[in-house]
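Visitor: I should be grateful for a guided reading of this model. May we begin once it is displayed?

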Amino acid sequence: MRRPLLDIEGLSAQNAAGQPVLRRVSLMMGPGEVHGLVGQSGAGKTSIAKASLGILPRAVTLTSGSIRFDGLELAGADKSTLDTLLGADIALIPQDPLTALNPSRRIGAQLTDALRLKAGLSRQAALAKAASLLEEVHLTDTVRILRAYPHELSGGMRQRVLIASAFALNPRLIIADEPTSALDVTVQKQILRLIRRLQRDHETAVLFVTHDLGVVAQICDDVTVLFAGAVVEQTTVQSLFSQPVHAYTRALIAANPRYDQPGASLRPISEEVIEATLKGISA
Amino acid sequence: MTAPLIAAEGLGLSLPDLTQPRLFAPRPTIQILDGIDFEMFKGETVGIVGESGSGKTSLGRCLVRLYEPTVGKLSFDGTDITHDSREAMRPLRRRMQMIFQDPQSSLNPRQKIRRILEAPFDLLGTRATQAQISELLAKVDLPAHFAERYPHELSGGQRQRVGIARAIALEPDFVLADEIVSGLDVSTQAQILDLLRGLKRDLGLSLAFISHDLSVIRHICDRVYVMKGGKVVEEGRSARIFDAPTSAYTSELINAIPLPEPDEDWLERPDMGSGDEDCKVKEKRETKGMNLSGAVALVTGANRGIGSCFVEELATRGVSKVYVAVRDLDSLKDLREPNGVDIVPLTLDVTKPSHISAAAKAASDVTLLINNAGVNCMDRLLDASDGDAAKLEMDTNYYGMVNMCRAFSPVIADNGGGGIINMLSILAQVNLPIMGSLSASKAAAYSATQAIRAELADKGIEVVAVMPGAVDTDMSKDFSPPKMPPEEVATDALDGLEEGEWEVFPGEMAKGLKAGLSNDPMEIQKQMMASLTSAPKTKGSTRRMKYLTVDTADGGQFQAYIARPENGSGPGLVLLQEIFGINDYMMDMADHFAEEGYVAVVPDLFWRQEEDVNLGYSEEDFQKAFALYQEFDVDKAMNDIQDTITTLRDQRFVKGKVGTIGYCLGGLLAYLSATRTTADVAVGYYAVGVQDYLKEAKKISCPLTLHFAGEDQFCPPEAREAIYKQLEGKKDISLYLYEGQDHAFATPGRDHFDKPSTLMAYSRSLATLRNVLGPVYDLEHLWDMHCYHEFATRDVDATMDTMVSEPYVNHIPTMTGGVGHDHLKRFYKYHFVDSNPEDTKLIPISRTIGADRLVDEMVFCFTHTREIDWMLPGIEPTGKYVEVPLVAIVNFRGDKLYHEHIYWDQASVLVQIGKIDEDGLPVAGGDTAKKLLDETRPSNELMAQNWKTSEGKPL
C-alpha cells in the first residue's frame with residue numbers, strides 16, 4: 001500500500017458521562033480511495049468523521065490513539081493547524097444541505113468565503129471561480145444560482161452547491177457525512193454519480209459515512225462496519241457482500257428490505273447477535 | 001366482486017398558493033392532486049409511493065378526510081364522504097385511523113402512554129380499563145408497565161409502537177400509515193414492518209401505506225399506486241409493478257435504488273428519465289431596476305447597524321447625497337462620514353406623522369427612501385412587556401414604514417422616479433404562538449410593501465422588500481446563529497434595487513413568512529389583536545391601583561391616581577378634586593378623560609392632612625370632607641399641583657402639553673393653576689371662592705374656561721358678578737353660566753345632577769382642552785388601519801374593532817351594507833371581504849381630511865368575474881372589465897369609525913357590463929373614469945344638442 005493519506009490507529013473516545021463513544025478504532029485510507037463507514041445510529045460513524053475534522057463536540061474527548069493525515073497528527077492538534085488544513089486539504093460534505101448553508105446569505109457569498117479567505121482571490125475572481133465550480137456539479141444556471149438564497153434551491157441543488165464548495169480548493173480528503181440521506185432516490189443516484197466522477201477526476205479520497213448498505217455497495221472501495229463504537233468488520237466492498245465474516249454484518253445485511261427479493265422475510269437483528277457482538281467488543 | 005372499502009373517483013385537491021399573498025382578491029390556488037382514481041378493498045395493504053412533492057401525503061390526508069377534496073368523489077364503505085363536515089365525519093373516525101411519520105411529535109410529551117392510549121376511547125364516550133390498555137400494549141409487543149412512562153422515555157421504535165397501538169385501539173377498518181418507518185434503523189424498521197403485517201392479519205385491517213422507499217413498499221404491500229406531480233402514474237399488483245413496470249417513471253424509481261451488492265456499472269447506467277433534475281432557479285428580475293448614480297437617498301435609523309452600512313454602501317455607488325435620519329441627532333456623533341457624498345443629518349421620529357411630513361418637505365430632492373428604522377423590545381428601548389410596548393413597535397415598524405412611503409412617494413415621483421427599500425422589521429412583542437416569533441409583523445409589512453409596490457409601479461418608483469433575517473448587530477445579540485453581516489444586507493438590498501429584483505428575501509424569514517401565511521389570516525389577526533389589547537384589559541381590572549408618585553419641591557411625596565389612554569400615551573391632564581379626596585367620581589372622570597386620549601392624573605391634595613381620602617356623598621362623609629376643607633392650605637396645594645404638572649411632563653408617555661380641570665374646590669384650584677402654575681390650559685366647574693383671588697387675575701397665563709351654576713350657594717350672584725367683571729371678554733377666557741342649575745350639577749349621584757347641562761359643559765370643556773392639548777386624531781391612519789383589516793388581513797373581527805360598537809355602512813346606490821354591529825359584521829363576513837374579483841384595484845385620486853370626516857375619491861377597477869353582492873347583487877358575472885369613479889365618506893367618533901357612505905354612479909357600471917343600452921340615455925359608461933383621470937377628454941357630449949345653443953353667446 002502506498003503511504004496512507006488518513007491513518008487512524010487505536011482511536012478511543014468517551015462522552016461526558018465516561019461512556020465509550022469509540023473503542024480502539026483503526027482505519028487506513030490511501031489517496032483517491034473511497035472508504036465507507038457503515039452502522040446503525042449510535043455506532044460511532046459520525047464521531048470518527050468529526051474526529052478526522054477536529055470538530056468533535058466538547059462533551060466527547062479522545063482518550064487514546066492517533067489520527068494522522070498525510071503523516072500529520074490531528075488528535076490534539078492546535079486550532080491553527082486544523083484551520084490551515086480544513087477546507088484546503090480536508091473538506092466536508094455535510095448531511096443536511098439546508099442547515100449547512102446560512103439561510104440568510106446568498107449562495108455566491110457563501111461559496112466565495114473560502115476562495116477569498118483561503119485562496120486569497122478577489123471578490124470578482126472568487127465569483128468567477130464559484131461559477132465554474134457550479135458548472136462542474138452540473139448547475140449551469142450559475143448567475144441566478146449565485147444570487148439565490150438556499151431556500152430557493154431544491155434539496156438536490158443545495159447538495160450540489162455543497163459538493164462544489166467541498167471541491168473548491170481541491171482537497172485531498174473529503175469527509176461525506178450521509179450526504180444523500182435527505183434526498184429522493186433518483187436525486188440520490190445523481191449525487192452519488194457526481195461525487196464519484198469528481199472524486200476520480202480530482203483523485204480525491206472520500207470517507208463516506210452512511211447507514212445505507214446499498215449506497216456503500218455502489219460507491220465504496222473499502223468498508224468499515226461499526227457497532228457500539230467499535231470496528232466489527234473491515235474489508236473490501238466485494239468481500240463484505242459476498243462473504244460477510246461477522247455475524248453482526250450478516251444480520252445487518254439481512255435486516256435490509258430488497259425490492260428484488262420480496263419473498264425473503266425481514267429479520268431484525270436478534271438479541272443473541274447483539275449480545276455476542278457486545279461481548280466480542282468488550283473482550 | 002365486493003365493493004371497495006374506500007373509493008375515490010377523479011379526486012382533485014387545490015390549496016391556496018401560500019407563496020402568493022394577495023391584497024384585494026382570493027389567493028390563487030395550486031393544484032396538489034389531479035384526477036386521482038383510487039380504491040382499496042377490505043383486508044388489503046395498498047402502497048402509495050412517490051418522491052417528495054408527488055402528492056402522496058395529500059392523497060392520504062384526503063382519504064381520511066383531513067383534507068376536503070376540491071373535486072371528485074370519495075366514498076367510505078359505500079357512503080359518500082367527499083364533503084362531509086367534521087361533525088358528519090365523527091361516527092366514521094372510529095373506523096379510520098392514522099399513524100404518523102414522527103411519533104415524537106404526534107405523541108403529547110406531557111401525557112403518559114396510558115393517557116395517550118385512553119384518548120381514542122373518549123371518542124366512544126367510554127373510559128378504557130386497565131386491562132384494555134395492557135392488552136393494547138401487548139398487541140404491539142410492549143410490556144404493560146410502559147403505560148406509566150412518558151414518550152421521551154421510549155426509543156424511536158417503541159414510540160412508533162405506541163402510535164400503532166393508539167391507531168388500532170378502536171379496532172378500525174382502515175389505517176393510514178404515513179412514512180412510519182423512515183428515520184428508523186433498518187433493524188427497528190424490520191421489527192415494525194413485521195408487527196404491522198401480523199396486526200393486519202390478526203385484525204383484518206385495510207392498510208394504506210405511504211412511503212418513499214420502494215423496497216419497503218415491496219415487502220408489505222399487495223398493491224401499489226405510484227405518484228408523481230399529483231397524479232397516479234401507475235397502479236397495479238406489487239409483483240407486476242416491480243417486475244414489469246409500464247411507466248418509465250416507475251422504472252426510473254426502481255433503478256435508482258442502490259442494492260446491497262456491488263455493481264460497478266450501476267452508477268453510470270443512464271437514467272431512463274430526464275437525467276439530472278431540473279436545476280433552474282426562478283427568475284427574480286421583475287423591473288428594469290434603479291440607477292443609483294446621482295441619486296439622493298434618505299436612510300432612517302441611520303446611526304447604527306444596517307442603517308450606517310447603507311450610508312457607506314450608498315457612497316460607493318455614486319449616490320450624490322444622503323439624508324441620515326435619526327430620532328436623536330446626538331446619536332450620529334460616531335457616524336463615519338464616507339467620502340464623495342454629501343451627508344445631511346435630519347431629525348425624524350417615524351412614529352410622528354408631523355415629523356414625517358416635515359421631513360418630506362425638508363428633503364424634497366429625495367429619489368431613494370430606505371425605511372430602516374425600527375424598534376424591538378430587545379434593544380431595551382421598551383422596558384415593559386405590555387400592550388403599550390407592542391403598540392409602539394407596531395407604530396414604528398409597521399405604520400412608520402407605511403407613513404414614510406406615503407409621504408415620500410410623491411416626492412420621489414416629482415423628482416422623476418426612484419426607489420423605496422423597506423426593511424421588514426421584527427416585532428418582538430407581537431409574538432404569536434402560531435406564527436413563530438419572527439413572522440407576524442413580517443407578514444403584515446410584506447403585504448403592505450406589496451400593496452405599496454403595486455400602487456407605485458406606474459409612478460416610476462421601484463419598491464424593494466428586504467427581510468434580512470438575523471443580522472449580526474448589537475440589537476440581535478439574543479438571536480442564535482446563523483447571522484449575516486450587516487454590510488451584506490445593505491449590499492444585497494442595493495443590488496436588488498439596481499437589478500430590478502424586488503424581494504431580497506432570505507431563507508429563514510421566507511420560512512417564517514410562509515409559516516405565517518399558511519395560517520388562517522383571521523386567526524392571526526385575532527391573536528394579534530388579543531395580544532395588543534391584553535395589557536389595557538389588565539389595566540382595566542387593576543386600574544384602581546395605578547398611581548404616580550409625585551415628589552414635592554419641599555421634600556415630601558404623595559400619590560396621584562393615573563389613567564392612561566388605550567394607546568399608552570397622550571397629553572397630560574391634572575384633575576383637581578372636590579372636597580371628597582380621590583373618590584370614585586374623580587377616578588371615573590380620570591378614566592373617562594383617558595378614553596378621550598389624555599394621560600389623566602388625580603393628585604392626592606389632602607395628603608398633607610390625611611393620605612388616601614376617599615369619601616362618598618353621605619351626610620357623615622360630607623361632615624368629614626368639610627372639616628378637611630376647613631384646614632386646607634390652598635397655597636401649598638398649588639405647589640403640589642405645580643409638582644404634579646412637572647412630574648407629568650417628565651413621563652415618557654406624556655406627549656405634548658399638560659392642562660388642569662377641577663370641580664368645586666378643584667374649580668378654584670384650576671383657576672389658580674392658570675395664574676400660578678405652568679399649566680397650558682385650565683377648566684373649572686362651579687369654582688368656590690374665585691372672588692377672593694381676583695387680584696391675581698392679571699397673571700392668568702393660559703386659556704381658561706369656567707362654568708358657573710346659576711343657583712350655586714357657594715358662588716352667590718354678587719361673587720359671580722365680580723368674577724365676570726374681572727374676566728369677561730378677556731382673550732382666551734370663556735365663562736359659561738348654567739341658569740337654574742345648582743352646585744355640583746355635573747356629578748352623577750348627587751342631588752343636583754343635571755344631565756343636559758353636564759353634556760353641554762362637557763362638550764365646552766373638551767373643546768377648550770382639545771384646542772390647546774389635542775390630541776388630534778390621525779383620521780387617515782385610522783382609516784388605513786380599517787382598510788388594512790378589511791382588505792389585507794380580511795379579518796372581520798379586527799375590522800369591526802376599528803369601528804365604534806354600533807357602526808353602519810351604506811353603499812348608497814345599492815343600499816347594501818349593515819346597520820349596527822351584528823348586521824354589519826354579517827355583511828362584511830359573508831358578502832364583502834372575500835367577495836371582490838381577483839383583479840380588483842383601487843386607484844386613489846384624492847383624499848380630504850376634515851375634523852371628524854375623511855373623503856376618499858378613487859377609481860374602482862375590476863373584471864366582473866364573480867357576483868359582487870355589494871355592487872352588483874343578483875347579476876351573474878359578465879366577464880366585462882369595469883372602471884368607475886367611487887367616493888367614500890367616512891365619519892369618526894374619537895378614534896373609531898362611526899359610519900361609511902360609499903357613492904358611485906351605478907348607471908355607468910351597468911353600461912359597462914352591458915346591462916343598460918346607453919343609446920338615448922344620458923349615461924356614459926367607462927368614460928366617466930377616464931375623464932376623471934384626464935380632464936381634457938371631451939365634455940358635454942351627452943348634452944351636445946343643447947350645448948350648441950350656447951355657442952357664441954356672451955360670457
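Visitor: At about what angle to β2(B) does helix α1 of chain B run?

Guide: This is a predicted model, in which local features need pLDDT of at least 70, side-chain atom pairs count only at pLDDT 80 or more, and totals for chains, interfaces and linings use all residues. Residues are numbered from 1 along each chain as its sequence is written, with chains lettered from A and ligands numbered from 1 in the order in which they are written. Helices (H or I, at least four residues) and strands (E, at least two) are DSSP runs, numbered from the N terminus. Helix α1(B), residues 56-63, lies across β1 (6-16), β2 and β4 of chain B, and with axes fitted to C-alpha atoms, for helices over the stretch in contact, and angles from 0 to 180 degrees between N-to-C directions, its angle to β2(B) is about 65 degrees.

Visitor: Which strands form the edges of the open sheet of chain B with the order β2-β1-β4-β5?

Guide: The pairing in this sheet of 4 strands is antiparallel, where two strands pair if DSSP finds at least two bridges between them. Strand β4(B), residues 71-76, is joined to β5(B) by 2 bridges, and Phe76(B) has Thr79(B) as its bridge partner. An edge strand here pairs on one side only, and the two are β2 (29-40) and β5 (79-80) of chain B.

Visitor: Why is strand β20 of chain B described as largely enclosed by the rest of the structure?

Guide: A residue is buried if 20 or more other C-beta atoms lie within 10 Å of its own, exposed if 12 or fewer, and partly exposed in between, with C-beta atoms placed from the backbone. Strand β20(B), residues 570-576, is largely enclosed because its buried residues number 7 of the 7.

Visitor: Which residues stand opposite Val574(B) in β22(B) and in β21(B)?

Guide: Strand β20(B) runs parallel to β22(B), residues 654-663, with 6 bridges, and parallel to β21(B), residues 599-603, with 3 bridges. The connection from β20(B) through helix α18(B), residues 584-595, to β21(B) is a right-handed β-α-β unit; right-handed denotes a clockwise path from the first strand over the helix to the second, with the strands pointing away from the viewer. In β22(B) the residue opposite Val574(B) is Thr660(B), and in β21(B) the partner is Val601(B).

Visitor: Is Ala709(B) buried or exposed?

Guide: Ala709(B) belongs to strand β24(B), residues 704-709. Beyond its neighbours within four places in sequence, its contacts (C-beta atoms, placed from the backbone, within 7 Å) include Tyr738(B) and Phe745(B). Since 25 other C-beta atoms lie within 10 Å, Ala709(B) is buried.

Visitor: Which residues touch the most other members of the largest nonpolar core?

Guide: A nonpolar core is a set of buried Ala, Val, Leu, Ile, Met, Phe, Trp, Tyr and Cys residues joined through C-beta atoms within 7 Å. The largest one has 164 residues, and α7(A) gives the most to it, with 7 residues. The residues touching the most other members are Leu207(A) and Ala208(B).

Visitor: Which element provides the largest share of the side of chain A that touches chain B?

Guide: In this interface, 54 residues of chain A are in contact with 50 residues of chain B. Elements giving two or more residues to the chain A side include α7 (155-167) and α8 (185-202). The largest share is 9 residues, and the element that provides it is α8(A).

Key. Two residues are in contact if their C-beta atoms, placed from the backbone, lie within 7 Å.
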